[in-house]
Amino acid sequence: MSEPVLVALRGASYAYEDGPAVLSGLDFEVRAGRALALLGRNGSGKTTLMRLLSGGLRPHSGQLTVEDRPVRYDRRGLTLLRTTVQLVVQDPDDQLFAASVFQDVSFGPLNLGLPDTEVRARVDEALTALDISALAERPTHLLSYGQRKRTAIAGAVAMRPRVLILDEPTAGLDPDGQERLIATLDGLRASGTTVVMATHDVDLALRWADDAALLTPSGAVTGPAEATLARTDLLEQAGLRLPWGIAVAGLLRAQGLLTSPAPGPRTAEELAATTSGHSAPPVPADN
Ligand SMILES: Nc1ncnc2c1ncn2[C@@H]1O[C@H](COP(=O)(O)OP(=O)(O)OP(=O)(O)O)[C@@H](O)[C@H]1O
Ligand SMILES: [Mg+2]
């Protein structure tokens, strides 16, 4: 993990009014170009952490930095932060407010004071990336849940952030909608956006992420997804189960069907490819 740190929290603590500390002394780094999955049990502070990273909340102690420079929480500093980091909240209804899809997606770029032609170019680009160009003039209140989710993501993408943070983006989507969203995020990654997502889906985290961060009571542990998601001690603390692919890789190794250093399968397709060199077990002959 030698990629430069884009955004980081150093020793960050946060508590909501009258509440106990949600995060205390937390160190957390987002590295350029590394797809990062954030996992942890309900109430562990994933959403709080994402709001700290995007400047919606301010740490009570510690620091948020962008490329090692501390973020300033005045208008200029926050505008600078918003062009670097964009958060898509879990519920699109908390994010969407304009009458039409086009108006909603153009709000951020308009607010940056960009000329109309630039705003239009960014909105077109974001709608294309999210595959919702046909919905541009549709009133937002008439959209389906999945369409509202895409519109909310397009609004963030139109800001051309370097880091796109998504809070449980696949929750509430059907399987095809999830696959389309992952393909969209892969497209954004390919064009240079660093993507961070909170998810409870360990299998998705294993197949999608370069790195996984597990939020436990003693802090965040971040490392390469395959190694981190195999740590049963951490998984237990984070209230998660072992990903399917890691369990299968363990079985394959025990059977001698996978050599130790080879990466394990993360999907059924990869499992088929892993085992295709081996002959199928003999079929019992009819007597
Ligand atoms: N606006 C708020 N006011 C007071 N307490 C809050 C607020 N938002 C969250 N909390 C508390 O902060 C803690 C962390 O919540 P947070 O939403 O960050 O967790 P999470 O990991 O995102 O959980 P989930 O998996 O359920 O989304 C919880 O105990 C929660 O009750
Ligand atoms: Mg949450």
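**Figure 1. Leucine 142 sits out in the open.** With a relative accessibility of 52%, leucine 142 counts as exposed, because the cut-off for that label is over 50%. Keep in mind that everything you see here is a predicted model. Leucine 142 belongs to the loop that runs between H4 and H5. Now look for glutamate 118, which is 24 residues away from leucine 142 along the chain. The C-alpha atoms of these two residues are 27 Å apart.

**Figure 2. Helix H5 is tucked inside.** This view follows helix H5, which covers residues 145–157. How far apart are the C-alpha atoms at the ends of H5? They are separated by 18 Å, and that agrees with the 18 Å you would expect for 13 residues at 1.5 Å a residue. Of those 13 residues, 10 are buried, so H5 is largely enclosed by the rest of the structure. If you want to pick them out, the buried ones are Arg148, Lys149, Arg150, Thr151, Ala152, Ile153, Ala154, Gly155, Ala156 and Val157. And what does the covering? The elements lying over the buried residues of H5 include strand S6 (85–88) and strand S7 (163–167). Helix H3 (101–111), helix H4 (116–129) and helix H6 (175–190) are also among them.

**Figure 3. Threonine 184 is a buried residue of helix H6.** Zoom in on helix H6 and you can find threonine 184 there. Threonine 184 has a relative accessible area of 11%, so it is buried. Which residues does threonine 184 touch, if you skip its neighbours within four places in sequence? They are Ala129, Leu130 and Arg150. You have already met Arg150, as one of the buried residues of H5.

**Figure 4. Ligand 1 has a ring of residues around it.** Here the ligand takes centre stage. Surrounding ligand 1 are Tyr16, Val22, Arg41, Asn42, Gly43, Ser44, Gly45, Lys46, Thr47, Thr48, Glu168 and His200. Sorted by type, this shell has 2 nonpolar, 7 polar and 3 charged residues. Helix H1 (residues 46–53) is the biggest contributor to the shell, giving 3 residues.

**Figure 5. Polar atoms lie beside the oxygens of ligand 1.** This close-up picks out three residues from the shell. For lysine 46, a polar side-chain atom is 2.7 Å from an oxygen atom of the ligand. Glycine 45 takes part through its backbone instead, with a polar atom 3.0 Å from an oxygen atom of ligand 1. Histidine 200 places a polar side-chain atom 3.0 Å from a ligand oxygen. How much of ligand 1 does the protein bury? On its own the ligand exposes 640 Å², and 58% of that is buried by the protein.

**Figure 6. Helix H1 is mostly covered, and a glycine follows it.** In H1, 6 of the 8 residues are buried. These are Lys46, Thr48, Leu49, Met50, Leu52 and Leu53. Just after H1 comes glycine 55, with a positive phi of about 85°. Glycine 56 lies in the loop between H1 and S4. Is glycine 56 buried or exposed? Its relative accessible area is 57%, so glycine 56 is exposed. Step back to find tryptophan 244, which is 188 residues from glycine 56 along the chain. The C-alpha atoms of this pair are 35 Å apart.

**Figure 7. Two residues in one loop have a positive phi.** Most residues other than glycine have a negative phi. Glutamate 67 has a positive phi of about 45°, even though it isn't a glycine. Glutamate 67 is in the loop between strand S4 (61–66) and strand S5 (69–70). Aspartate 68 is also found in the loop between S4 and S5. Aspartate 68 isn't a glycine either, and its positive phi is about 75°. With a relative accessible area of 34%, glutamate 67 is partly exposed, while aspartate 68 counts as exposed at 59%.

**Figure 8. Threonine 84 reaches back to its own helix.** Our last stop is threonine 84, which belongs to helix H2 (residues 75–84). Its side chain reaches the backbone oxygen of leucine 80 at 3.0 Å. With 8% relative accessibility, threonine 84 counts as buried. Leaving out residues up to four places away in sequence, threonine 84 touches Val66, Pro161, Arg162 and Val163.

Notes. Residues numbered from 1 in each chain as written. Chains lettered and ligands numbered in written order. Predicted model: local features only at pLDDT ≥ 70, side-chain atom pairs only at ≥ 80, totals over all residues. Heavy atoms only, no water. Near = heavy atom within 4 Å. Polar contact = N/O pair within 3.5 Å; in protein donor to acceptor, adjacent residues only side chain to side chain. Areas by Shrake-Rupley, 256 points an atom, 1.4 Å probe, with all protein chains shown as cover. Helix = DSSP H or I, 4+ residues; strand = E, 2+ residues; numbered from the N terminus. Nonpolar A, V, L, I, M, F, W, Y, C, P; charged D, E, K, R; others polar. Expected span 1.5 Å × (residues − 1). Buried < 20%, exposed > 50% of the residue type's maximum accessible area, 1.4 Å probe, protein only. Contact = heavy atoms within 4.5 Å.
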